[in-house]
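Colleague: I would like to go through this model feature by feature. Please give the general idea each time, then the case at hand.

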Amino acid sequence: MFKILLINGLIIGGVYGLIALGYSLIYRASGLMSFAQGDMITLGAYLGLTFYSILRLPFFLSFILTFACAFIVGVLLEKGVIRALLNKSVLPIYIVLATIAISYIIQNATQALFGTTTLRFPQVFSTATLTISGITAQTEAFACLVISLALMFLLHLFMTKTKFGTAMRSAAMDPLAAESCGINTSMSTGITWALAAAIASIAGMLLGPMYGVYTTLGSVVGRKGFAGAVVGGYGNMYGAMVGGIILGLVETFVAGYWTGTYKNLIAYAILILFLFVKPTGIFNEKAIQDV
Amino acid sequence: MAKLLELIDFHYYYGNIHSVKGINMHVEEGEMVTLIGANGAGKTTTLQSISGLTKRKGIQGRILFNGKEIQTYPGSKVAGLGIAQALEGRHIFSKLTVDENLRMGAYLRKDTKNIKDDIDSVYKRFPRLLERRNQLGGTLSGGEQQMLAIGRCLLSRPKLMLLDEPSLGLAPLIVKEIFIAINEINREGTTVLFVEQNSKIALSTAHRGYVMQTGEIVMSDTCKNLMENTEVKKAYLGV
Ligand SMILES: Nc1ncnc2c1ncn2[C@@H]1O[C@H](COP(=O)(O)OP(=O)(O)OP(=O)(O)O)[C@@H](O)[C@H]1O
Ligand SMILES: [Mg+2]
């Protein structure tokens with residue numbers, strides 16, 4: 001029982017971690033919270049479904065195309081809405097409100113296009129289940145865990161080991177200094193939003209086979225990712241990964257050992273608890289306190 | 001000597017606030033020029049306008065670098081022309097190491113293999129940075145951060161180096177060390193324009209000086225003459 005819960009917790013936690021990453025990247029780069037972040041998951045799920053199930057493209061190609069499309073949506077969102085509003089020097093709260101509007105637009109658009117019924121994401125692997133050290137689970141679920149962890153690792157490498165990734169972190173830390181070093185901070189912020197959207201879309205594509213695809217998939221799971229980001233330390237990349245995984249584990253263990261009814265409530269209770277007791281999160285991220 | 005930098009009837013507006021009111025100044029190639037003045041005179045605004053860090057729409061007038069108008073360029077593009085700036089308050093990337101901070105200074109450079117040598121020469125110039133090369137920028141002392149800010153500029157191999165109050169908040173001994181380094185950098189061939197509130201050290205380091213007062217240049221001369229000027233003596237040197 002323990003081992004099964006552990007694996008299941010890690011699987012869903014990995015997805016939460018990916019989503020949390022998006023929230024933290026955006027906060028770091030722009031000092032904002034995007035309510036549309038969860039809907040990038042929905043978008044990813046529908047994009048994945050379109051490429052894989054409707055257009056019958058190979059899974060890997062669908063995966064890449066989903067990532068690329070969401071990346072572009074992220075850039076457009078930042079350049080077309082966020083920066084456009086910033087240039088008008090409006091208060092940050094108006095930008096956050098705008099992201100709520102975007103969120104509903106995405107939900108309604110996907111509903112108009114795909115309807116209200118939950119769509120089934122077809123099986124990806126030929127073997128339906130896989131047994132690893134005595135634990136049996138959907139093959140897609142294992143793949144989900146592997147892909148989440150791999151993406152986190154890749155992102156870590158990109159942000160810390162490449163010149164462009166370091167430049168993006170610099171631009172988030174100190175835009176003025178970054179600009180004076182020749183870093184195009186406007187482009188860097190755009191790419192951060194794009195990455196956040198692309199990662200969330202992958203989360204959506206991973207969730208599809210397990211949860212099915214529906215228009216509010218993202219807003220439900222997105223909230224968990226948000227909670228994970230706060231628990232880890234809002235704005236901290238590693239905090240997001242760890243916070244997401246912890247939340248997934250707690251939720252799964254609560255459901256497994258105690259009650260499934262309250263597992264969501266527990267997740268948000270943890271969120272509130274952290275905001276009161278340790279707003280800087282597990283990774284002691286100062287970003288929240290400083291402003 | 002050729003004019004490397006020239007400001008022609010330069011104004012800056014923060015919305016309705018007219019902060020810089022039509023100044024003319026220039027820096028010749030190889031020169032070291034200082035811009036002094038009291039708080040709020042408009043020194044930072046001027047310097048950051050040159051380096052493309054102020055909002056472009058606030059600018060009126062022209063900024064020429066090597067004869068080319070650059071007042072519409074964004075900061076990252078100005079940096080590409082060979083203008084580096086050590087910002088007021090140092091602006092070190094707090095969560096990057098000393099080494100990474102320096103590398104960011106070389107962000108636009110294509111000659112990657114020379115970067116390592118340039119980093120080493122910064123460490124030779126500022127041995128205190130070498131000892132701390134893997135330390136996070138945010139954990140350095142003020143003096144060390146200023147050295148790093150200057151080092152980061154050098155990593156872009158600039159033609160023109162702009163420094164905004166390099167002495168800000170530093171102990172006299174460190175200030176001296178910093179200005180010895182600035183002097184060396186200039187003698188090695190980099191043109192320097194720096195802003196200072198410490199007029200004494202500014203005028204004894206630079207070749208020429210401009211005195212700025214509430215958005216206007218009220219005096220400009222060689223530093224030697226400025227130091228002997230009675231008004232400057234009274235208002236800026238506390239004599
Ligand atoms: N972002 C801004 N918005 C509005 N006004 C500004 C802004 N930045 C500067 N100012 C105003 O422009 C004028 C010049 O400021 P600036 O920072 O250039 O002065 P300074 O000479 O560098 O002063 P200090 O020696 O204190 O650094 C000041 O009156 C200041 O209040
Ligand atoms: Mg200033």
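Modeller: Let us begin with charge. The mean positions of the 31 positive and 25 negative charges of chain B lie 4 Å apart. Keep in mind throughout that this is a predicted model.

Colleague: Which residues enter that count, and how far apart are the mean positions in chain A?

Modeller: Lys and Arg count as positive, Asp and Glu as negative, and His is not counted. In chain A there are 15 positive and 8 negative charges, with mean positions 6 Å apart.

Colleague: What does the accessible surface of each chain consist of?

Modeller: Look at the share supplied by carbon and sulfur atoms. For chain A they supply 71% of about 12,400 Å². For chain B they account for 51% of about 10,500 Å².

Colleague: How many helices and strands does chain A have, and in what pattern?

Modeller: Chain A has twelve helices and two strands. Along the sequence, four helices come before the two strands and eight helices follow them: α-α-α-α-β-β-α-α-α-α-α-α-α-α. The radius of gyration of chain A is 18 Å, close to the 19 Å from the globule rule for 291 residues, so chain A is as compact as a globular protein of that length. Its C-alpha trace spans about 55 × 45 × 35 Å along the principal axes.

Colleague: And how many helices and strands are in chain B?

Modeller: Chain B has ten helices and ten strands. Its radius of gyration is 17 Å and the globule rule gives 18 Å for 239 residues; the two are close, so chain B is as compact as a globular protein of that length. The principal-axis spans of its C-alpha trace are about 45 × 40 × 35 Å.

Colleague: What share of each chain is buried?

Modeller: Buried means under 20% relative accessible area. In chain A, 53% of the 291 residues count as buried; in chain B, 54% of the 239 do.

Colleague: What share of the contacts joins residues at least 24 apart?

Modeller: The base is contacts between residues at least 6 apart in sequence. On that base the share is 73% in chain A and 67% in chain B.

Colleague: Let us turn to single residues. Is B:S19 buried or exposed, and why?

Modeller: B:S19 has a relative accessible area of 18%, so it counts as buried. It sits in strand 2 (residues 17-28) of chain B. Beyond residues up to four places away in sequence, B:S19 touches B:Y12, B:Y14, B:A41 and B:G215.

Colleague: Where is A:L176, and what is it in contact with?

Modeller: A:L176 belongs to helix 7 (residues 175-180) of chain A. Because its relative accessibility is 25%, A:L176 counts as partly exposed. Setting aside neighbours within four places in sequence, A:L176 is in contact with B:Q48, B:L53, B:L87 and B:H91. Within its own chain, the C-alpha atoms of A:L176 and A:T99 are separated by 26 Å, the two residues being 77 apart along the chain.

Colleague: Last, the metal. Which protein atoms are donors of the magnesium ion?

Modeller: The protein donors of the magnesium ion (ligand 2) are OG1 of B:T44 and OE of B:E88, lying 1.8 to 2.7 Å from the ion. The pair links distant parts of the chain, 44 residues apart: B:T44 is in helix 1 (residues 43-50) of chain B, and B:E88 is in the loop between strand 6 (83-86) and helix 3 (98-105). Water is not among the atoms, so the site may look incomplete.

Colleague: How exposed are B:T44 and B:E88?

Modeller: B:T44 counts as partly exposed at 21% relative accessibility. B:E88, at 28%, also counts as partly exposed.

Note on methods:
Residues are numbered from 1 along each chain as its sequence is written. Chains are lettered from A and ligands numbered from 1 in the order in which they are written. This is a predicted model: local features need pLDDT of at least 70, side-chain atom pairs count only at pLDDT 80 or more; totals for chains, interfaces and linings use all residues. Side-chain values use heavy atoms; hydrogens and water are left out. The radius of gyration is taken over C-alpha atoms; the globule rule is 2.2 Å times the number of residues to the power 0.38. Buried means under 20% relative accessible area, exposed over 50%, partly exposed in between (1.4 Å probe, protein chains only). Contact means heavy atoms within 4.5 Å. Accessible areas come from the Shrake-Rupley method with a 1.4 Å probe; for residues, only the protein chains shown count as cover. The place of a charge is taken as NZ of Lys, CZ of Arg, CG of Asp or CD of Glu. Donors are N, O and S atoms within 2.8 Å of the metal (3.2 Å for Na, K and Ca); water is not among the atoms, so sites may look incomplete.
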